[in-house]
Amino acid sequence: MKALCWQGVNELSVEQVPDPAILNAQDAIVKVTASTTCGSDLHLLGGYIPAMRAGDVIGHEFIGEIVDVGPEVSRHRPGDRVVVCSIIGCGRCWACRHDEWSLCENSNPKPGVTDLMWGGTTAGIFGYSHAMGGFRGSHAEYIRVPFVDYNAFTVPEGVSDLDALFASDAAPTGWMGAELGGVRPGDVVAVWGCGGVGQMAARAALLLGAERVIAIDRYPERLAMAARHVGCEVIDYTSTDVTAELRERTGGRGPDVCVEAVGMEADSTGIQRVYDGIKQQLRLEQDRPIAVREAIHACRKGGSVFVLGVFAGFVDKFPLGALMNKGLTLRGAQQHGQRYIPKLLDLIAKGDLKPSYLATHTMTLDEGPKGYDMFKHKKDGCVRAVFRPWA
Ligand SMILES: NC(=O)c1ccc[n+]([C@@H]2O[C@H](COP(=O)([O-])OP(=O)(O)OC[C@H]3O[C@@H](n4cnc5c(N)ncnc54)[C@H](O)[C@@H]3O)[C@@H](O)[C@H]2O)c1
Ligand SMILES: [Zn+2]
Ligand SMILES: [Zn+2]
């Protein structure tokens, strides 16, 4: 079958790879009908995630049709149209039973690398390096889905492919940031980053009752999209001091909840981008935590900061003093999609959430390298490129 493969830093190619097969009794094979780019893939492309190997199939946000199931699969049958969570849960371990699916203790068969660095490991993640299990990704004609009973969700009739697609990763990630960030009715929420994840977090905050949501980015088309489709206020971080502007807009207090949806490749117009960029290149720190620092600084006293952006390791100039003295709560996680996907599909079916607008560009799998070039460099207003292998 055809698949989009990582070949090295900033190098992708479309290759023929062996078809996937059922390996375990709870597996299914899914024919991928749509698979989209995610900001997390940019960290793979940039070479910031360790344990990638040339030829690895990338992609983790997808929908498709089940074409084959193992003997112990009970909830799905061939023919089901499903959205699959980007992160793999086993459904039975302590973490999965406590609804903390991205912390699954069984689905990552290669926990060594991350266990050493973090003192624990995440669940397996499709197409996201050998440190996250070495699973083949979804930018392919077919994919093997382990523990399919727990990780695939039947898409209700009437919900379009492109709306269901984002219930795999961007929408549940955003929902988790708002919910575990502790958004309550009447709150003012600030969201750093207007990519797919930031926009979904902003929308979730409004649906959870936030009175105002303020989204921050530098790209005019992304800011305009967030204002129009999410219904939030926006700030262009290149034209103002974000912390001062947030104070100004919140009666001097700062936002109640700050959601960081930027991650390890954050940008800035100031000295931090140069400082962190050099340290990152020299491997003196793994990540550029520019938006995390700003969120901690801007947050109101006693408020909470949720880190959705992906970080790999150690960072420098972390404002621990602000965190401690301002009485902040700081949390982060890879997404616990299985907890949110049924609810999100419901919201989509009712029309309260319509993430398909994020799909600014739809193309064939052969155009994968071009799609990533557009997505990475934000060409032609690209927010998400969607590959449809069978269209
Ligand atoms: N926690 C999870 O499970 C999970 C799931 C999906 C994605 N992610 C992560 O979420 C992050 C966002 O993903 P995405 O798909 O929206 O990516 P994206 O690349 O499309 O968007 C990131 C946005 O952040 C903006 N940005 C950069 N520096 C900024 C700053 N200083 N202040 C404000 N905005 C800034 C960029 O301009 C860009 O629009 C990535 O780090 C990704 O890895 C995490
Ligand atoms: Zn993702
Ligand atoms: Zn588990």
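This report describes the surroundings of ligand 1 and a six-stranded sheet in a predicted model.

**Ligand 1**

The shell around ligand 1 draws residues from both domain 1 (2–168 + 335–388) and domain 2 (170–332), so ligand 1 lies between the two domains. There are 30 residues around the ligand, and Ser40, Asp217, Asp267, Gln335 and Arg384 come nearest. Sorted by class, the shell holds 14 nonpolar, 11 polar and five charged residues.

Among the elements that each supply at least two residues of this shell are α1 (39–45), α7 (196–207) and β12 (212–217). The most come from α1, which gives four residues.

Oxygen atoms of ligand 1 have polar atoms of the protein as partners, including those in the table.

| Residue | Polar atom in the residue | Distance to an oxygen atom of ligand 1 |
|---|---|---|
| Asp217 | side chain | 2.5 Å |
| Val197 | backbone N or O | 3.1 Å |
| Gly196 | backbone | 3.2 Å |

On its own, ligand 1 has 870 Å² of accessible area, and the protein covers 96% of this.

**The sheet**

Strand β12 also belongs to an open sheet of six strands, ordered β13-β12-β11-β14-β15-β16 and paired in parallel. Each of the edge strands, β13 (233–236) and β16 (329–332), has a single partner strand, so one side of each is left without a neighbour in the sheet. From one strand to the next, the twist averages 20°.

Within this sheet, β11 (residues 188–192) runs parallel to β12 and is joined to it by five bridges. Trp192 has Ile216 of β12 as its bridge partner.

Key: Residues are numbered from 1 along each chain as its sequence is written. Chains are lettered from A and ligands numbered from 1 in the order in which they are written. This is a predicted model: local features need pLDDT of at least 70, side-chain atom pairs count only at pLDDT 80 or more; totals for chains, interfaces and linings use all residues. Side-chain values use heavy atoms; hydrogens and water are left out. A residue is near a molecule or strand if one of its heavy atoms lies within 4 Å of it. A polar contact is a pair of N or O atoms within 3.5 Å; within protein, one must be able to donate a hydrogen and the other to accept it, and residues adjacent in sequence count only if both atoms are side-chain atoms. Accessible areas come from the Shrake-Rupley method with a 1.4 Å probe; for residues, only the protein chains shown count as cover. Ala, Val, Leu, Ile, Met, Phe, Trp, Tyr, Cys and Pro count as nonpolar, Asp, Glu, Lys and Arg as charged, and the others, Gly among them, as polar. Domain bounds come from an automatic or database domain assignment. Two strands pair if DSSP finds at least two bridges between them. Axes are lines fitted to C-alpha atoms, for helices over the stretch in contact, and angles run from 0 to 180 degrees between N-to-C directions.
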